Amino acid sequence: MSEPIAPRGLVLAVEDEPELLEMLVFNLEKAGYEVVTATTGQQALQQARSHTPNLILLDVMLPGLSGTEVAGRLRSNPATSAIPIVMLTAKAEEADELVGLTAGADDYITKPYSMKVLTARMEAVLRRGQQTNPAANETAPLRFGLVEIDTELHEARAGGELLKLTLTEFKLLESLAKAKGKVLSRATLMAEALGPGVMVTQRTIDVHITAVRRKLGKRGSIVQTVRGVGYRLVLSLDPSKSG
Ligand code: CA
């Protein structure tokens, strides 16, 4: 059985022109992203709140609430303020580019854009986000790629979906998310998930990891085995290397 390809992250694509949105979704999914969509500013705000995507692609010219207004509202809400935003602007909207940036966009791209350029910019913004996240306040959920851990509520989500984990599985995923891509040995994972002094075989950890992967479903391959060392959580998998 081949391992499913882990998504690169969850993207909210906001675009009111159906053909453009369709093309965007098609290409983003092909590039390995999971995509949720919105066609109006109001819908964008709702989608951002209910899915907390890793990145938002936001068209400037939207009916009703404009993209720049949406960006401003997302930034002023603590629940969505940390989500990176890439604005999509038409050439005629050059003035809006600056407005978009002051409203809190992380980057912008001018239409018509090539998907290669767009995904490269997205990757850059996502990387920057990973570096600045530790500065976020302590009560904010812990995030790494698709995984979001709320230690206070004791909830773990992947791509916005609540995971039904046992306590041990939750602690394992939490440890891996905290390590932010660093490899953790089985001994370290045992100590963190089961507490010091609990003697189990290393095989026990493998069994728990297998359970975590199963519960992650199609996203299971974000938990990567590093042969001879242990496990790590990956932000994205190179589709060419998975199989
Ligand atoms: Ca538009």
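Let's start with a small piece of this predicted model: an open sheet of three strands, arranged in the order 10-12-11 with antiparallel pairing. Strand 10 (184-185) and strand 11 (223-226) sit at the edges, and each has a single partner strand, so one side of each is left without a neighbour in the sheet. As a reminder, strands of a sheet pair through backbone hydrogen bonds, either parallel or antiparallel.

Now look at how strand 11 meets strand 12 (residues 230-233): the two run antiparallel and are joined by four bridges. You can pick out individual pairs here. Thr225 has Tyr231 in strand 12 as its bridge partner, and Gln224 is matched with Arg232. Strand 11 and strand 12 make a hairpin, with three residues between them. In that turn, Gly228 has a positive phi of about 80 degrees.

Stepping back to the whole chain, you'll find eight helices and 12 strands. Of its 243 residues, 48% count as buried. Among contacts between residues at least 6 apart in sequence, 58% join residues at least 24 apart. As for the outside, the chain exposes about 12300 Å², and carbon and sulfur atoms supply 55% of that area.

Next, head for helix 2 (41-51). Which of its residues are buried? They are Gly41, Ala44, Leu45, Gln47 and Ala48. These residues lie on the same side of helix 2, because they cover an arc of only 165 degrees around the axis. What do they pack against? The partners of these buried residues are strand 1, strand 2 (34-38), strand 3 and helix 3. Just after helix 2 comes Thr52, with a positive phi near 35 degrees.

Keep going along the chain and you reach Asn54, in the loop between helix 2 and strand 3 (55-59). Is Asn54 buried or exposed? With a relative accessible area of 11%, Asn54 falls under the 20% cut-off, so it counts as buried. Its side chain reaches the backbone oxygen of Gly145 at 2.5 Å. Leaving aside neighbours within four places in sequence, Asn54 is in contact with residues from several stretches of numbering, including Gly9, Leu10, Ile83, Pro84, Leu126 and Arg143. Gly145 and Leu146 are also among its contacts.

Finally, find the calcium ion. Its donors are Asp16 (OD), Asp59 (OD) and Met61 (O), at 2.1 to 2.3 Å. In sequence, these donor residues are spaced D-x42-D-x1-M. Asp16 and Met61 link distant parts of the chain, being 45 residues apart. Asp16 belongs to the loop between strand 1 (10-14) and helix 1 (18-30), while Met61 belongs to the loop between strand 3 and helix 3 (67-76). How covered are these two donors? Asp16 has a relative accessible area of 28%, so it counts as partly exposed. Met61 is also partly exposed, because its relative accessibility is 47%.

Definitions and conventions:
Residues are numbered from 1 along each chain as its sequence is written. This is a predicted model: local features need pLDDT of at least 70, side-chain atom pairs count only at pLDDT 80 or more; totals for chains, interfaces and linings use all residues. Side-chain values use heavy atoms; hydrogens and water are left out. Buried means under 20% relative accessible area, exposed over 50%, partly exposed in between (1.4 Å probe, protein chains only). A polar contact is a pair of N or O atoms within 3.5 Å; within protein, one must be able to donate a hydrogen and the other to accept it, and residues adjacent in sequence count only if both atoms are side-chain atoms. Contact means heavy atoms within 4.5 Å. Donors are N, O and S atoms within 2.8 Å of the metal (3.2 Å for Na, K and Ca); water is not among the atoms, so sites may look incomplete. The arc is that of the directions from the helix axis to the C-beta atoms. Accessible areas come from the Shrake-Rupley method with a 1.4 Å probe; for residues, only the protein chains shown count as cover. Two strands pair if DSSP finds at least two bridges between them.
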